[in-house]
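Ready for some practice in reading a protein model? Take your time with each exercise, and try it yourself before you read the solution.

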Amino acid sequence: MFEFIIVMKALACVLITNSHLDEVYPIAAIATGGALGNSLFFLASGFIMVNIREPFKVWITKRFVRIYVPLLIIETITIFISYDSLEPQILFNEFVLPTSYWFLPAYIVFCLFYYMIFSSGLKFKFNLLAPSLIFIYAIIYLTLLDTSVWTVESGYFKWLPYFTIMIAGGYIRNNIAIFNRIKLSTILVIFSTFSIFFVLIKFVMMKYAFLMHFQFTVQLTTFIWAFSIMMILYRMEAIFTHISNKFIMKLCFYLSSRTLEIYLVQRIVIMNFKDHVFPVNFLIITILIICFAEILSYVSNKVQKLIISKI
């Protein structure tokens, strides 16, 4: 794997986890960055998956098992902890399309379409696909969404822009030489501009309600921000390779390799330890998330190897 992708995934892991700590911090606004982390993750995923060599069944099965084995383990634990009785709707919400972990079924669905788009036997032209996705986004945004309130990151609508970001990651990988021509100074200006814009935009929308109708700009901002981060980190690949044995890169590698497990265990940990005084709650939650993520990784890897060996 590219070293800069490891850093991207580690940063995504930190941002997504941080966004779930609003009841941990004394100031809830500190818990931000979820959309930025999501964008980084899907962009990085699209970048690294592009060279597909396996048959569809093998390729998608590996990803399904990788995602759903740890998910089923953690959801089984959650059900025993959180529910006194089991209804069909509860089982569906927890196991099939888990509302608390929307990221995972979304990823699997994205992979299904990603394979069709980037597999050697069937390649779509991005210059046709991108306008189509943007058109669909615009139609849904203008006709189905209530943009008087914050809705772009609610429900299934957010799947569309994140899928587009994943596809963009594959396109960037296939055309990296073109993107590499962009001057670093230009990328830094883009990063700085959209970092400031992202900080201000939601605050301004909350203050001036009529601007809420332009909330699509938040998703556009997160994509451009993620793209600028990718391009900056890509230019630093040689540096990351040189320091690959340093602690900071080992930490990035660990976080990137445990992104799924950290995402899965944090809900239960945060729910049970958020009420302790800050920063004690933060320290306890951080330690327990790492510990439980490691346990989940160990158990799920054993189960995954057993399943894959039978296929």
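Below are four exercises, each with a worked solution.

This is a predicted model, in which local features need pLDDT of at least 70 and side-chain atom pairs count only at pLDDT 80 or more, while totals for chains, interfaces and linings use all residues. Residues are numbered from 1 along each chain as its sequence is written, and side-chain values use heavy atoms, with hydrogens and water left out.

**Exercise 1.** Find out in which helix the confidence is lowest and in which it is highest.

*Solution.* Start with the score: pLDDT is the predictor's confidence in each residue, from 0 to 100. The protein averages 89, and 92% of the residues score at least 70. Next, go helix by helix (helices are DSSP runs of H or I with at least four residues, numbered from the N terminus). Confidence is lowest in helix α4 (residues 88-96), with a mean of 67, and highest in helix α1 (residues 3-19), at 96.

**Exercise 2.** Describe the largest nonpolar core and say which helix gives the most to it.

*Solution.* A nonpolar core is a set of buried Ala, Val, Leu, Ile, Met, Phe, Trp, Tyr and Cys residues joined through side-chain atoms within 4.5 Å. Buried means under 20% relative accessible area, exposed over 50%, and partly exposed in between (1.4 Å probe, protein chains only). The largest core here has 91 residues, and those with the most contacts inside it include Met 8, Phe 42 and Tyr 114. Helix α5 (residues 103-118) gives the most to this core, with eleven residues. Now zoom in on Tyr 114: not counting residues up to four places away in sequence, its contacts (heavy atoms within 4.5 Å) include Trp 59, Phe 163 and Ile 167.

**Exercise 3.** Work out what the salt bridge between Glu 75 and Arg 267 ties together.

*Solution.* A salt bridge is a side-chain nitrogen of Lys or Arg within 4 Å of a carboxyl oxygen of Asp or Glu. The structure holds five of them. In this one, the N to O distance is 3.7 Å. Glu 75 lies in helix α3 (residues 56-82) and Arg 267 in helix α13, so the pair ties together parts that are 192 residues apart in sequence. Glu 75 counts as buried because its relative accessibility is 0%, whereas Arg 267, at 25%, is partly exposed.

**Exercise 4.** Is Ser 297 buried or exposed, and which residues does it touch?

*Solution.* First, place Ser 297: this residue is found in helix α14. Its relative accessibility is 3%, so Ser 297 counts as buried. Finally, leaving out residues up to four places away in sequence, Ser 297 touches Arg 258 and Glu 261.

Definitions and conventions
Helix = DSSP H or I, 4+ residues; strand = E, 2+ residues; numbered from the N terminus.
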